[in-house]
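Notebook open, coffee poured. Today I am looking up charged pairs and where their partners sit.

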Amino acid sequence: MSSSPYPAPTPKPLIGSGKTEKKSRIDPWWGLVAVVVGLILILNFASPDPYNRILVFLKDGIWVTVKITIISFLLVMVLGLLVGLARLSKSTIVRGIATVYVEVIRGIPMMVQIIFWYFASPAIVQEIGVSLNNATLANFRPDGTTMAIFGLTFGYAAYMSEVYRAGIQSISRGQMEAARSLGMTYFQAMRYVILPQAVRVILPPVGNEFITLLKDTALVSAVAVPDMTRRGREFQASTFIIIETWVMVALVYLVMTLLATRLVSWVEKRSKFER
Amino acid sequence: MEPIIHIENVHKWFGSVHALQGVNLDILKGQVVVVIGPSGSGKSTLLRCINRLEEFDEGRIVVDGIPLDSAQNINAVRTEVGMVFQSFNLFPHLSVLDNILLAQKVVRKRSQIESENKARSLLEKVGIPDKANFYPLQLSGGQQQRVAIARALAMDPKIMLFDEPTSALDPEMIQEVLDVMTDLAHEGMTMVVVSHEMGFARAAADRAILMDGGQIVEEAPPEILFTNPKQERTKSFLSKIL
């Protein structure tokens, strides 16, 4: 994308000096993150067997979980925006398709959707391949991570589109009218006027979706994706260490979600309106 | 002389409400037209039809030789027509300066230097050059409305539409906005103003129009319409607001 046509934010004005002084105080909720990290470290060093063994075994899975979360979330942000805009479209057909998509997806459990993408959708492609005598399609066998990302993206985009829609609708009509009356196209008005304001409104629910998505990545363990939950199950199956394994898995998930919460609230604070 | 705004038999329905009932109006270049009338009379709707913020159902509007039909024409007309709203509608996430820069850059494709020079000279013109780096919500209502006028003027419009520009303002801020509008009128800008400000109408307007029930009831120069109207409807309306 080319550079933004208007310049970086101008310096802050000098009024409301009581409010503008920078707060250097660290958010106390970081303490909770520190406590959980500390707990993991204590377990790890005070009792390396089994906790260190578990952590080492989980390491690959943690990376898979992080990767799936971030890739899916980025795709969800894009697809969700497109569906959200489609839901607000003047065209009955576009709006209808988007609405059906949202209603169908929201009515099916995430777990079932992921299983569908991994097991059922390749089978459909294979049957089409057989009937068309196409060897590539008939032997179609996608990898689990890709299909898991597909499933999470399609599922979460439906929810995210509603977040976008609510955010866009919360911006007064006058903003769009002012932008259009200056000669901007619909998409220019969206990009430069409506969305920058809507983003501030939807940050809290978007952060919420991110954290929910992070936790729901555990569902992909059902379709042979070696994420953290899957690795936990494998470790338990081979060692019969049950309690310690799931304590550690839970703690690592907790660190990730707490960090995500801090990240969201930091972004939120930075994007407050100037008043 | 070819009118710069030609409105011909325009009808508009909101559901079952017949908001505009065959309005005809020609406005010449440089004319200042004040539209008055009770609420619900269709005066704002008529104004919003001129730059197609409102779609009309029947009739024809031609602005500066461009008929309002295709989407392309609508955007072309909108770049020639500036609009000022009752509720200002400044972009709250952008500084005053950026409010005035945005459309210049995005629509007119002007450079940073050119658009900033333009913005600063317009802020000078509306009397608030020192507020460039403030955000809209840090300004008073009167100042915000003057920024909104500057923002519209930055596009070098041939026509300015004002939709009750002072109705949302505290009494002591009305005059500063009217002064800017009066200057603009004296510079020869074509203006259509929906407003009940008689002082402005007398000082700056060439024509005054009373609308009621989606129709133009009476038209005359402002001194005559306000002091010696012919229609009973005009008399009874004026007796309520004067």
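**Entry 1: a network.** I began with a group in chain A: Arg87(A), Glu103(A), Arg106(A), Glu162(A) and Arg165(A) are linked in a network of salt bridges. A note to self before going on: this is a predicted model, and I read every value below as computed from it.

**Entry 2: the count.** How many salt bridges does a search of the whole structure find over all chains? I got 24.

**Entry 3: Asp60(A) and Arg231(A).** I picked out this salt bridge next, and its closest N and O atoms are 4.0 Å apart. Asp60(A) belongs to helix α3 (residues 48–87) of chain A and Arg231(A) to helix α10 (residues 228–239) of chain A, so the pair ties together parts that lie 171 residues apart in sequence. Then I checked the cover on each partner. Asp60(A) is partly exposed, at a relative accessible area of 45%. Arg231(A) comes out as buried, because its relative accessibility of 16% is under the 20% cut-off.

**Entry 4: Lys158(B) and Asp64(B).** Over in chain B, I found Lys158(B) in a salt bridge with Asp64(B), with 2.7 Å between the closest N and O atoms. This pair links distant parts of the chain, 94 residues apart. Lys158(B) sits in the loop between α5 (141–153) and β7 (159–163) of chain B, and Asp64(B) in the loop between β4 (58–63) and β5 (66–67) of chain B. Are these two buried or partly exposed? Lys158(B) is partly exposed at 40% relative accessible area, and Asp64(B) is also partly exposed, at 29%.

**Entry 5: Lys158(B) again.** I also noted a salt bridge between the side chains of Lys158(B) and Glu80(B), at 3.8 Å from N to O. Glu80(B) is in helix α2 (residues 71–80) of chain B while Lys158(B) is in the loop between α5 and β7 of chain B, so this pair ties together parts 78 residues apart in sequence. Glu80(B) has 18% relative accessibility and counts as buried.

**Entry 6: the helix before that loop.** Since the loop holding Lys158(B) runs between α5 and β7 of chain B, I looked at α5(B) too. The helix α5(B) has 13 residues and reaches 18 Å from its first C-alpha to its last, close to the 18 Å expected at 1.5 Å a residue. How many of its 13 residues are buried? I counted 13, and α5(B) is mostly covered.

Conventions. Residues are numbered from 1 along each chain as its sequence is written. Chains are lettered from A and ligands numbered from 1 in the order in which they are written. This is a predicted model: local features need pLDDT of at least 70, side-chain atom pairs count only at pLDDT 80 or more; totals for chains, interfaces and linings use all residues. Side-chain values use heavy atoms; hydrogens and water are left out. Helices (H or I, at least four residues) and strands (E, at least two) are DSSP runs, numbered from the N terminus. Buried means under 20% relative accessible area, exposed over 50%, partly exposed in between (1.4 Å probe, protein chains only). The expected span of a helix is 1.5 Å times one less than its number of residues.
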